[in-house]
Amino acid sequence: MRNRDVYFALAALAVFGVLSAGQSRRLAGRRRERMPEASAAYSADVPPALTFVMVGLGGFRGVVSEILWYRVSRLQDQGRYLEIVQLADWITRLDPHAAEAWAYNAWNLSYNISVMMNRPEDRLRWVRNGVSLLRDESLRFNPHEPRLYRELAWLYQNKIGDILDTAHLTYKFDLLAAMAPLVNADGTLNAEAPGKGKLAAMCLDAGLMLDVERRFGPVDWRMPETHALYWADQGAAYASGTELMMARRAVYQPLMLSVFRGRFTGSLEKREWDTAPNLALALPAADYMLVALRENRTPNQTRVTLRYLASAVRLLAEAGEEDAARQIYQRMGSVLQPQEMPAYDDVAEGRWEA
């Protein structure tokens with residue numbers, strides 16, 4: 001009697017397994033019809049065992065993903081970053097809509113693994129991989145996920161645009177070489193340049209680039225801060241709540257940096273990296289920061305806004321842009337109470353601090 005129960009249980013398990021596999025195939029077919037991009041999660045370079053898990057277990061993929069995340073955390077504690085790459089890749093294939101996995105893998109490639117390389121050109125390859133993972137892959141599966149736009153913007157602003165990495169000039173000149181044939185002498189987009197294929201390879205849209213110039217001013221597309229602005233601005237369109245606050249910050253940070261150092265004045269041929277202020281962006285940056293302040297009026301946000309406004313007034317006054325300097329000074333009145341307003345000369349000459 002007991003053997004009969006066992007056989008019955010095994011037979012039932014087999015039947016349910018077959019039914020589950022059939023249902024999984026039907027669900028996969030519907031996914032491919034309604035979300036054709038999801039089919040890219042299954043490819044020949046995935047090990048057969050993982051393919052079995054993805055196709056055969058259906059909803060249990062989340063459990064497997066959690067197990068892999070646990071393994072990733074253990075490897076990270078041990079500093080085994082190269083092994084993390086494959087695991088993180090599998091996690092994104094198990095759940096291509098998990099923004100955290102994409103962000104983590106791109107960060108690991110661009111920061112942890114790149115600095116393990118001695119030669120700048122080898123570091124560049126890993127930084128490129130991190131950018132490509134977010135720009136070319138994650139946004140294809142998650143076109144409305146603001147966090148991924150923000151993470152991509154940060155790679156351009158911090159990893160490429162800052163000077164923290166000893167190979168930062170290699171990253172900057174790589175971007176410069178890619179954009180130089182596509183821009184005018186001042187760095188703005190040359191809409192007539194025969195380089196639409198190059199723009200597409202970088203997932204850049206000429207219409208959106210021109211819209212950035214229309215709203216913020218003559219940005220220089222040779223600068224990493226401009227690319228940070230481009231991607232962060234797209235993400236802000238999909239953000240709400242706390243994420244909107246972070247998205248706004250991801251926009252105004254590279255915008256402020258562009259005001260102070262946003263024009264390339266060096267030489268690609270001589271590999272000389274020099275920059276200059278882009279004062280044409282000062283007023284649009286001020287207006288954008290005031291929008292962000294109205295949405296999130298905290299003491300810290302107020303202080304950041306006032307510091308930018310005061311710095312912009314001083315920079316414009318030193319450059320002889322008196323009208324623009326006074327316009328930004330007037331905008332300080334929307335942040336400060338009348339009795340708190342400093343004299344214009346004190347701000348313009350750097351004698352006042354927020």
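Let's start with one residue: Leu 182 has a relative accessible area of 3%, so Leu 182 is buried. Keep in mind as we go that this is a predicted model. You can find Leu 182 in the loop between helix 8 and helix 9 (196-201). Which residues does Leu 182 touch, leaving aside its neighbours within four places in sequence? Its contacts are Leu 189, Asn 190, Ala 193, Gly 195, Lys 198 and Leu 199. Try finding Pro 194 as well: Leu 182 and Pro 194 are twelve residues apart along the chain, and their C-alpha atoms are separated by 7.6 Å.

Now step back and look at the whole chain. It has 16 helices and two strands. Of its 354 residues, 47% are buried. If you take the contacts between residues at least 6 apart in sequence, 60% of them join residues at least 24 apart.

Helix 6 is a good place to go next. Just ahead of it is Arg 119, in the loop between helix 5 (99-113) and helix 6. Is Arg 119 buried, partly exposed or exposed? Its relative accessibility is 47%, and because values between 20% and 50% fall in the middle class, Arg 119 counts as partly exposed. Follow the chain from Arg 119 to Ala 167 and you travel 48 residues, yet the C-alpha atoms of these two are separated by 8.3 Å.

Inside helix 6 (residues 120-141) you will meet Ser 138. With a relative accessible area of 0%, Ser 138 is buried. Not counting residues up to four places away in sequence, Ser 138 touches Trp 102, Leu 133 and Leu 148.

Helix 6 also packs against helix 8, with the two axes 9 Å apart and an angle of about 60° between them. The two helices are therefore oblique to each other, and their crossing is right-handed. On the helix 6 side, look for Pro 120, Arg 123, Leu 124, Val 127 and Arg 128, which meet Thr 170, Tyr 171 and Asp 174 in helix 8.

Two further helix pairs are worth a visit. Helix 10 (residues 206-216) and helix 11 (residues 224-236) have axes 11 Å apart and pack at an angle of about 90°. That angle makes helix 10 roughly perpendicular to helix 11. Their contact is made by Leu 208, Met 209, Val 212, Arg 215 and Phe 216 of helix 10, together with Leu 229, Tyr 230, Asp 233 and Gln 234 of helix 11.

The second pair is helix 12 (residues 241-261) and helix 13 (residues 282-295), whose axes come within 10 Å and cross at roughly 160°. How do helix 12 and helix 13 run relative to each other? They are roughly antiparallel, and helix 12 passes helix 13 in a left-handed crossing. The residues making this contact include Leu 244, Val 251 and Tyr 252 of helix 12, and Ala 282, Tyr 288 and Met 289 of helix 13.

Let's finish with the aromatic rings. How many aromatic pairs does the structure hold? There are eleven. One of them joins Phe 173 and Trp 273: their ring centres are 5.7 Å apart and their planes meet at 85°, so this pair is edge-to-face. Phe 173 belongs to helix 8 (residues 168-179), while Trp 273 sits in the loop between strand 1 (263-264) and strand 2 (275-276), so the pair links distant parts of the chain, 100 residues apart. Phe 173 and Trp 273 are both buried.

Tyr 329 and Tyr 344 form another pair, with ring centres 5.4 Å apart and planes at 80°, so they are edge-to-face. Because Tyr 329 lies in helix 15 (residues 322-332) and Tyr 344 in helix 16 (residues 344-348), the pair ties together parts that are 15 residues apart in sequence. Both Tyr 329 and Tyr 344 are buried. Tyr 344 has a charged partner too: Arg 326 lies over its face, at 3.8 Å from the ring centre.

Elsewhere, the charged end of Lys 159 sits over the ring of Tyr 111, 4.8 Å from its centre. Finally, look for the aromatic cluster formed by Tyr 149, Trp 221, Tyr 230, Trp 231 and Tyr 238. Tyr 230 may ring a bell, as one of the helix 11 residues in the contact with helix 10.

Methods: Residues are numbered from 1 along each chain as its sequence is written. This is a predicted model: local features need pLDDT of at least 70, side-chain atom pairs count only at pLDDT 80 or more; totals for chains, interfaces and linings use all residues. Side-chain values use heavy atoms; hydrogens and water are left out. Rings of Phe, Tyr and Trp (its six-membered ring) pair if their centres lie within 6.5 Å; planes under 30 degrees apart count as stacked, over 60 as edge-to-face and the rest as tilted. Helices (H or I, at least four residues) and strands (E, at least two) are DSSP runs, numbered from the N terminus. Buried means under 20% relative accessible area, exposed over 50%, partly exposed in between (1.4 Å probe, protein chains only). A charge sits over a ring if NZ of Lys or CZ of Arg is within 6 Å of the ring centre and within 35 degrees of the ring normal. Axes are lines fitted to C-alpha atoms, for helices over the stretch in contact, and angles run from 0 to 180 degrees between N-to-C directions. Angles under 35 degrees count as roughly parallel, over 145 as roughly antiparallel, 65 to 115 as roughly perpendicular and the rest as oblique. A crossing is left-handed if the near helix is turned anticlockwise from the far one by less than a right angle, and right-handed if clockwise. Contact means heavy atoms within 4.5 Å.
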